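Subject: Handing over the structure

Hi there,

Here is the structure I promised to pass on to you. Please have a look at it first, and then read on for what turned up in it.

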Amino acid sequence: MKLYYSPGSSSLAPHIALREAGLAFDLERVSLKTRRTAGDADFTRINPKGYVPALQFEDGGVLTEGPAIMLWIGDQVPEKWLVPPPGTMERYHLVEWLNFIATELHKNFGPLFDPAAPDATKAAARTRLEKRLDYLDKTLGDAPFMLGEHFTVADGYLFTVLGWGRLVEVDLARWPHLAVYCARIGARPKVLDTLRAEGLLKG
Ligand SMILES: N[C@@H](CCC(=O)N[C@@H](CS)C(=O)NCC(=O)O)C(=O)O
């Protein structure tokens, strides 16, 4: 299978999941400006929505939307508990967190990166984001991972999204639990491998 990605973007989260899962995969970079892949294919023919991530299988089938891709990856290696088993309450809590990250964090970063967004839109998004981060910092507290004692795909996604803060002056120093959490996830060997593979770390 092949993951289509753009370095440091939301595709970093399924990329972390693939490495934590220990699955074999290829990577192909996509230019979000030209929508061409590194192999000069038209990416909109792979994902007509035009955005990453997209996971393409051997039979040509394609799965899009980060949370769906992460659930699929986790389900390939149930013994690793990257995604809790079907029917458990923990699985619903995982989906609860994935949806929170996608709709309350990820999408509120959008206007902060958009040069065309009016200042008032940016300010409103920043206020919403900060409120969500206040909640998250309090709720997470000193827990090692979002679901408690186990690393799950939600941790790779939260790590990815929190990493955008430094690019748009959302300084994690204001949320001490989140700062410690990010350092913890960022020190995982598979996360470091992922960052290196995307050219985001030297060495
Ligand atoms: N709903 C999608 C959103 C993915 C997304 O926001 N991708 C961004 C990178 S973080 C992108 O490719 N943006 C380019 C575009 O939308 O044209 C998901 O959850 O996977």
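A good place to begin is Val52, where a backbone N or O atom lies 2.8 Å from a nitrogen atom of the ligand. Please keep in mind throughout that this is a predicted model.

Two further polar contacts are worth finding on your screen. Glu65 brings a polar side-chain atom to 2.6 Å from a nitrogen atom of the ligand. At Gly66 the backbone takes part, with an N or O atom 2.8 Å from an oxygen atom of the ligand. On its own the ligand has 510 Å² of accessible area, and the protein covers 76% of that.

As for where the ligand sits, the space it takes is the largest pocket. Two elements each give two or more residues to the shell around the ligand: α2, residues 66-76, and α3, residues 89-113.

If you would like to colour the shell, these are the residues to select:

- Ser9, Ser10, Leu32 and Arg35
- Tyr51, Val52 and Pro53
- Glu65, Gly66 and Pro67
- His106 and Lys107

Sorted by class, five residues of this shell are nonpolar, four are polar and three are charged.

Now back to Val52, since there is something else to see there. The peptide bond that leads from Val52 to Pro53 is cis, with omega near 5°. Both residues also belong to the shell around the ligand. Pro53 is placed in the loop between β2 and β3.

That loop holds another backbone feature, as Asp40 is also located between β2 and β3. Phi of Asp40 is near 65°, which is a positive value in a residue other than glycine.

Finally, a word on the aromatic rings. How many aromatic pairs does the count come to? The count is eight. One of them is formed by Tyr4 and Phe43, a tilted pair with 5.6 Å from centre to centre and 45° between the planes. This pair links distant parts of the chain, as its two residues are 39 residues apart. Tyr4 belongs to strand β1 (residues 2-5), while Phe43 is in the loop between β2 (26-29) and β3 (54-56).

I hope this helps you find your way around. Do write back with anything you would like to discuss.

Best wishes

Terms used. Residues are numbered from 1 along each chain as its sequence is written. This is a predicted model: local features need pLDDT of at least 70, side-chain atom pairs count only at pLDDT 80 or more; totals for chains, interfaces and linings use all residues. Side-chain values use heavy atoms; hydrogens and water are left out. A residue is near a molecule or strand if one of its heavy atoms lies within 4 Å of it. A polar contact is a pair of N or O atoms within 3.5 Å; within protein, one must be able to donate a hydrogen and the other to accept it, and residues adjacent in sequence count only if both atoms are side-chain atoms. Accessible areas come from the Shrake-Rupley method with a 1.4 Å probe; for residues, only the protein chains shown count as cover. On a 1 Å grid over the protein atoms alone, a cavity is a set of points where a 1.4 Å probe fits but cannot get out, and a pocket is an open set with protein on both sides within 12 Å along at least five of seven lines; lining residues have an atom within 4 Å of a point. A molecule sits in a cavity or pocket if more than half of its atoms lie within 2 Å of its grid points. Helices (H or I, at least four residues) and strands (E, at least two) are DSSP runs, numbered from the N terminus. Ala, Val, Leu, Ile, Met, Phe, Trp, Tyr, Cys and Pro count as nonpolar, Asp, Glu, Lys and Arg as charged, and the others, Gly among them, as polar. Rings of Phe, Tyr and Trp (its six-membered ring) pair if their centres lie within 6.5 Å; planes under 30 degrees apart count as stacked, over 60 as edge-to-face and the rest as tilted.
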